[in-house]
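Please open the model in your viewer and get your selection tool ready. We will go from one stop to the next.

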Amino acid sequence: MISKLIKKIVETDAPIVVGLDPQMKFIPQHIKEAAFEEYGESLEGASEAIWRFNKEIIDKIYDVVPAVKPQIAMYEQFGIPGLVAFKRTVDYCHEKGLVVIGDVKRGDIGSTSESYAIAHIGKIKVGSKEFTPFDEDFATVNPYLGSDGIDPFVKVCNENDRGLFILVKTSNPSSGEFQDRLIDGKPLYEVVGQKVREWGEASMDGDYSNIGAVVGATYPEMGRALRKIMPKNFILVPGYGAQGGQGKDLVDFFNPDGLGAIVNSSRGIIAAYTKDAYAKFGDKNFGDAARQAVMDMKADINGALGK
Ligand SMILES: O=c1ccn([C@@H]2O[C@H](COP(=O)(O)O)[C@@H](O)[C@H]2O)c(=O)[nH]1
């Protein structure tokens with residue numbers, strides 16, 4: 001699966017993933033009104049608004065980026081209708097040829113991890129039939145339970161040619177509270193980075209492993225250290241834009257081959273029309289504002305990489 005993602009990054013010349021994190025406050029009034037008119041002010045109405053919003057964004061960006069990252073929390077908060085909107089979004093992104101990274105941050109004891117893995121990147125048999133429940137290409141995973149919580153995810157990946165991004169150093173302000181603590185003289189994030197390297201060794205797909213890492217754009221120094229520890233693991237880099245990360249911070253997350261990292265922006269793209277810089281598009285043209293924000297992000301990152 002990582003080779004498919006790399007091919008699309010090269011084709012679009014954009015190491016960028018658009019985060020589909022559709023909070024209600026970002027959905028223009030005209031979309032909410034139309035959805036509520038049909039489905040009522042209900043979980044169904046909100047989920048329909050999310051779906052319509054996503055579809056417009058996807059239609060405007062699918063040809064200029066390789067991948068999207070729907071954040072399941074934004075859908076789950078609307079219950080079952082929200083999860084239906086999540087699945088519709090995943091399926092539509094696949095129809096448009098996009099690689100889908102499900103930001104689901106799962107991880108538990110082995111038997112439960114196996115079920116999470118099946119749900120998001122695997123297959124399940126029901127009688128004589130087989131189903132792919134959520135059917136993302138990659139899933140994000142929390143490694144805090146250790147190897148027996150990760151192994152079932154790796155097994156399901158290997159059986160289905162899917163991938164993982166394992167949390168190593170997260171972008172949030174308090175990530176250091178635990179992740180920077182020293183263990184035998186090494187910060188925990190480096191210990192986890194070394195484990196990601198090992199977990200990924202049996203999942204090679206070309207030059208890179210299907211098992212990648214999450215490292216926040218907000219910690220460029222740590223990104224540089226982790227790049228060296230995990231030379232064959234792709235890094236998913238959140239924290240660009242709304243959390244303050246910029247192109248110049250990202251250079252060392254990449255390998256000398258110009259690959260090795262893919263940078264996420266969610267609010268910075270999907271809510272671009274609410275920002276002064278893109279206000280000229282207006283709320284009716286929020287999809288065009290998102291496309292322009294992608295082009296600006298691409299110029300910023302590729303400029304920093306000297307392309
Ligand atoms: O360390 C992490 C891991 C995941 N995220 C997720 O990425 C997006 C970021 O959204 P922005 O609007 O671009 O800030 C969001 O879904 C987070 O849950 C992260 O930010 N940091």
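The tour below goes from the annotated domain to a ring pair, a loop and a surface patch.

This is a predicted model, where local features need pLDDT of at least 70, side-chain atom pairs count only at pLDDT 80 or more, and totals for chains, interfaces and linings use all residues. Residues are numbered from 1 along each chain as its sequence is written, and side-chain values use heavy atoms, with hydrogens and water left out.

**Stop one: the domain.** Select residues 15–281, where UniProt, in an unreviewed entry, places "domain: Orotidine 5'-phosphate decarboxylase"; such annotations may be inferred rather than shown by experiment. This stretch is 40% helix and 22% strand, and its end C-alpha atoms are 25 Å apart. Helices (H or I, at least four residues) and strands (E, at least two) are DSSP runs, numbered from the N terminus.

**Stop two: the rings.** The structure holds seven aromatic pairs (ring centres of Phe, Tyr or Trp, the last by its six-membered ring, within 6.5 Å; planes under 30 degrees apart are stacked, over 60 edge-to-face, the rest tilted). Pick F53 and F286: their centres are 4.9 Å apart and their planes at 15°, so they are stacked. F53 lies in helix α3 and F286 in helix α12, 233 residues apart. Add Y273 to see the cluster that ring pairs make of F53, Y273 and F286.

**Stop three: a loop.** Select Q71, between β2 and α4. What does Q71 touch? Leaving out residues up to four places away in sequence, Q71 touches L20, D21, D103 and K105 (heavy atoms within 4.5 Å).

**Last stop.** Select L145, in the loop between β6 and α7.
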